[in-house]
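Open the model in your viewer, switch on a cartoon view, and keep the selection box handy. We will start with the whole chain and then work our way in, stop by stop.

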Amino acid sequence: MSNHEEYMKMAAKLAEENVKNGGGPFAAVVVKDDKVIATGCNRVTDKHDPTAHAEVEAIRKATQKLGTHDLSGCTIYSSCEPCPMCLGAIYWARLDRLFFGNTRSDAASIGFDDEFIHLELEKPIDQRSIPTQQIVTKNIKDAFEHWAQNEDKKEY
Ligand SMILES: [Zn+2]
């Protein structure tokens with residue numbers, strides 16, 4: 001069995017344990033140089049945090065542990081195909097590679113349907129279900145201008 005399968009088995013086992021502990025059926029494992037850096041389980045209900053998905057939890061722990069926002073060189077194993085939020089987080093964290101176990105349609109079949117968000121992202125802003133509009137104030141560009149002019153900024 002490859003190491004990839006071992007790490008996916010670990011994610012599946014963590015997801016199963018999370019269900020037994022009253023959480024959602026999702027877990028993720030972040031690996032670097034064939035070592036587990038961090039794991040995360042879905043903690044949405046017990047943390048009262050809609051962003052506490054397994055991948056986000058694992059990424060937050062991994063970045064804290066490594067002392068960097070940049071997870072280049074790391075691979076994430078998610079027990080399920082990531083939702084749009086987690087996929088965004090995976091890209092922002094610059095992980096090298098993503099493996100997933102269950103598909104998003106598997107998740108939809110047990111009541112976790114993120115297809116709705118995937119479809120929302122494809123719609124023009126004025127057609128989305130959450131009313132969204134731009135407000136341009138006099139100072140709205142101030143932070144951007146200061147950022148652009150600041151030569152000491154820590155780029156990321
Ligand atoms: Zn997610």
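**The whole chain**

Before selecting anything, take in the contacts: of those in the protein chain with a separation of 6 or more, 45% are between residues 24 or more positions apart. Keep in mind as you look around that this is a predicted model. The C-alpha trace spans about 55 × 40 × 25 Å along its principal axes. Buried residues account for 31% of the 156 residues in the chain.

Now colour by secondary structure. You should find seven helices and four strands. Reading from the N terminus, the elements follow the order α-β-β-α-α-β-α-β-α-α-α.

**The sheet**

Select the four strands together. They form an open sheet, in the order 2-1-3-4, with mixed pairing. Which strands stand at the edges? They are strand 2 (35-41) and strand 4 (97-102); each has a single partner strand, so one side of each is left without a neighbour in the sheet. Turn the sheet to see its twist, which averages 15° from one strand to the next.

If you show hydrogen bonds here, remember that strands of a sheet pair through backbone hydrogen bonds, in either a parallel or an antiparallel way.

**Strand 1 and its two partners**

Next, select residues 27-32, which are strand 1. Strand 1 is mostly covered, with five of its six residues buried.

Look first towards strand 2. Strand 1 pairs with strand 2 in the antiparallel sense, over six bridges. To find a matching pair, pick valine 29, which stands opposite threonine 39 in strand 2.

Then look towards strand 3, residues 74-80. Strand 3 also runs antiparallel to strand 1, and five bridges join the two. Two pairs are worth labelling: valine 30 stands opposite isoleucine 76 in strand 3, and alanine 28 has serine 78 as its bridge partner there. Keep the label on serine 78, as we will come back to that residue.

**The hairpin turn**

Follow strand 1 into strand 2. The two strands form a hairpin with two residues between them. Select aspartate 33 in the turn: its phi is positive, at about 50°. Aspartate 34 is also found in the loop between strand 1 and strand 2. The phi of aspartate 34 is near 60°, a positive value in a residue other than glycine. Is aspartate 34 buried, partly exposed or exposed? Its relative accessible area is 47%, so aspartate 34 is partly exposed.

**A stop on the way to helix 3**

Select histidine 48, in the loop between helix 2 (44-47) and helix 3. Histidine 48 has a positive phi of about 50°, although it is not a glycine. With a relative accessible area of 70%, histidine 48 is exposed.

**Helix 3 and its glutamates**

Now select residues 54-66, which are helix 3. Helix 3 packs on the sheet and touches strand 1, strand 2 and strand 3. Its direction makes about 140° with that of strand 2.

Show the side chain of glutamate 55, which lies in this helix. Its relative accessible area is 6%, which means that glutamate 55 is buried. Where is the nearest side chain of opposite charge? That is arginine 60, 11 Å away, and glutamate 55 has no salt bridge. What the glutamate 55 side chain does make is a polar contact of 2.9 Å with the side chain of serine 78, the residue you labelled earlier as the bridge partner of alanine 28.

Leaving aside neighbours within four places in sequence, the contacts of glutamate 55 are Ala28, Ile76, Ser78, Cys80, Pro82, Cys86 and Ile90. For a sense of distance, draw a line from the C-alpha atom of glutamate 55 to that of glycine 111: the two are separated by 19 Å and lie 56 residues apart along the chain.

Finish at glutamate 57, also in helix 3. Why does glutamate 57 count as buried? Because its relative accessibility is 5%, and the cut-off for buried is under 20%. Once neighbours within four places in sequence are left aside, glutamate 57 is in contact with Gly40, Cys41, Arg43, Lys47 and Ala52. Select those five residues together with glutamate 57 for your last view.

Note on methods: Residues are numbered from 1 along each chain as its sequence is written. This is a predicted model: local features need pLDDT of at least 70, side-chain atom pairs count only at pLDDT 80 or more; totals for chains, interfaces and linings use all residues. Side-chain values use heavy atoms; hydrogens and water are left out. Buried means under 20% relative accessible area, exposed over 50%, partly exposed in between (1.4 Å probe, protein chains only). Contact means heavy atoms within 4.5 Å. Two strands pair if DSSP finds at least two bridges between them. Axes are lines fitted to C-alpha atoms, for helices over the stretch in contact, and angles run from 0 to 180 degrees between N-to-C directions. Lys and Arg count as positive and Asp and Glu as negative; His and the chain ends are not counted. A salt bridge is a side-chain nitrogen of Lys or Arg within 4 Å of a carboxyl oxygen of Asp or Glu. A polar contact is a pair of N or O atoms within 3.5 Å; within protein, one must be able to donate a hydrogen and the other to accept it, and residues adjacent in sequence count only if both atoms are side-chain atoms.
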